[in-house]
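Today I went looking for enclosed empty space inside this protein. My notes follow the structure below.

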Amino acid sequence: MSVIINKVRTKEDLKKFIQFGIDLYEGNEYFVPPLIYDERATLSPSKNPAFDHCDANYFLAYRDDKIVGRIGVFINHKANERWNEKNARFGFVDFIDDDEVVDALFGAAESWARSRGMEKMHGPLGFTDLDHEGMLVEGFDQIGTLSTIYNYPYYVDHMERMGYVKDQDWVEFLITIPREMPERFLRASEIVKRRSGLDVKHIESKKDVLPYARDIFKLINRAYKDLYGYVELTERQIDYYVDMYIPMLRLDFLTLVIRQEDNKLVGVGIGLPSIARALQKAKGRFVPSGWYHLYKALKGKGTNVLDLLMVAVDPEYQGKGLNALMFNEFIPAANRLGFEYAESNPELEINNKVHSMWNGLETKQHKRRRAFIKNL
């Protein structure tokens with residue numbers, strides 16, 4: 001029977017769209033399912049403020065009344081204006097290994113984008129740089145993270161078969177946490193404090209984070225503004241992400257670097273104990289027992305891996321050794337709590353400033369993911 005493509009129109013359709021992206025990987029030991037609640041919020045115009053400047057449509061592929069694929073297609077008008085492009089993005093894409101299914105899915109997405117005057121399609125990307133992005137092309141035998149996509153190797157073959165080519169790559173590193181603080185970081189952190197007038201703001205409680213919460217995302221806007229595909233978060237988006245992420249923070253792995261003269265935030269590093277195994281146990285659901293697995297993981301139970309979720313440095317201070325200040329906080333905390341490794345999460349292949357942060361540490365580049373592009 002031929003493939004039928006249906007638009008997602010109802011809440012029930014959206015539920016099926018999200019669930020298929022989990023069910024397709026049942027039994028895969030490397031796939032980390034997202035929380036269904038978070039996925040629904042991201043994809044819902046009533047909840048995600050990105051829809052203030054984005055259009056989106058979602059498609060499901062059926063064969064014999066069974067879902068065999070899904071794809072989301074987005075137009076971020078603000079990003080297109082920022083980068084002077086007419087691009088559509090695809091994301092939340094999953095499919096069985098079948099040419100007819102894949103061609104029908106991408107055909108529907110491309111047709112939708114073309115009908116709205118778009119000239120290119122690229123992805124996987126989301127509404128913002130804080131959504132999952134990049135198709136896995138290396139590291140299929142490595143467990144995913146909270147922040148990344150997992151996909152089967154055959155996805156890449158289909159992308160190339162359809163004429164999609166590499167636009168950008170991200171790489172990821174597994175970092176061995178040194179047992180003792182390297183002397184060069186100790187020396188460098190003292191020099192940075194003295195010469196640049198900077199210091200680390202130590203946070204004692206979650207309520208003490210709140211005065212800096214919005215500043216963290218404003219700093220991200222400044223630090224990431226020239227990176228691939230980035231578009232600055234709006235005030236409403238900042239509020240949205242403050243509510244989403246601040247409650248999850250572990251204060252042991254939150255480093256705020258401030259300028260002493262005016263208390264301005266100029267650097268931030270955020271880490272979390274890996275919750276990958278906990279998310280696998282939760283199977284996308286916070287209740288009835290998913291919350292318990294996540295609670296244990298966030299306490300550092302059952303994992304020796306620390307996820308380095310985010311590092312952002314004000315452009316004025318990039319290349320001036322702020323990473324030494326952050327490592328001076330992270331490494332002792334990681335050792336105290338028994339972590340042996342850290343996951344860098346995706347870094348643009350061409351972002352040598354970020355890669356240089358790991359100089360002098362034992363690292364292994366163990367994953368690579370790709371944004372593909374195609375002329376419409």
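I began with the lining of the second largest cavity, in what is a predicted model. I found that strand 7 (165-176), strand 11 (305-313) and helix 11 (322-336) each supply at least two residues of that lining. Helix 11 gives the most, with four residues.

Next I asked which residues lie nearest the centre of the second largest cavity. They are Ile177, Leu308, Phe327, Ile331 and Ala342, out of 13 lining residues. I then sorted the lining by residue class and got 12 nonpolar, one polar and no charged residues. The space in this second largest cavity comes to about 120 Å³.

I stepped back to the whole model and asked how many cavities of 30 Å³ or more there are. The count is five.

Then I turned to the largest cavity, which holds about 280 Å³ of space. I counted 22 residues in its lining, and nearest its centre I noted Arg70, Phe92, Asp94, His132 and Ile149. Helix 1 (11-23) and strand 4 (87-95) are the elements that give two or more residues to this lining. Strand 4 gives the most, with four residues.

Last, I wanted the make-up of the lining of the largest cavity: how many residues are nonpolar, polar and charged? My tally is 14 nonpolar, five polar and three charged. I set the two linings side by side in my notes: three charged residues for the largest cavity, and no charged residues for the second largest.

Technical notes:
Residues numbered from 1 in each chain as written. Predicted model: local features only at pLDDT ≥ 70, side-chain atom pairs only at ≥ 80, totals over all residues. Heavy atoms only, no water. 1 Å grid on protein atoms, 1.4 Å probe; cavity = no way out; pocket = protein on both sides within 12 Å on 5 of 7 lines; lining within 4 Å. Points joined across faces, edges and corners; volume = space filled by probe spheres on them. Nonpolar A, V, L, I, M, F, W, Y, C, P; charged D, E, K, R; others polar.
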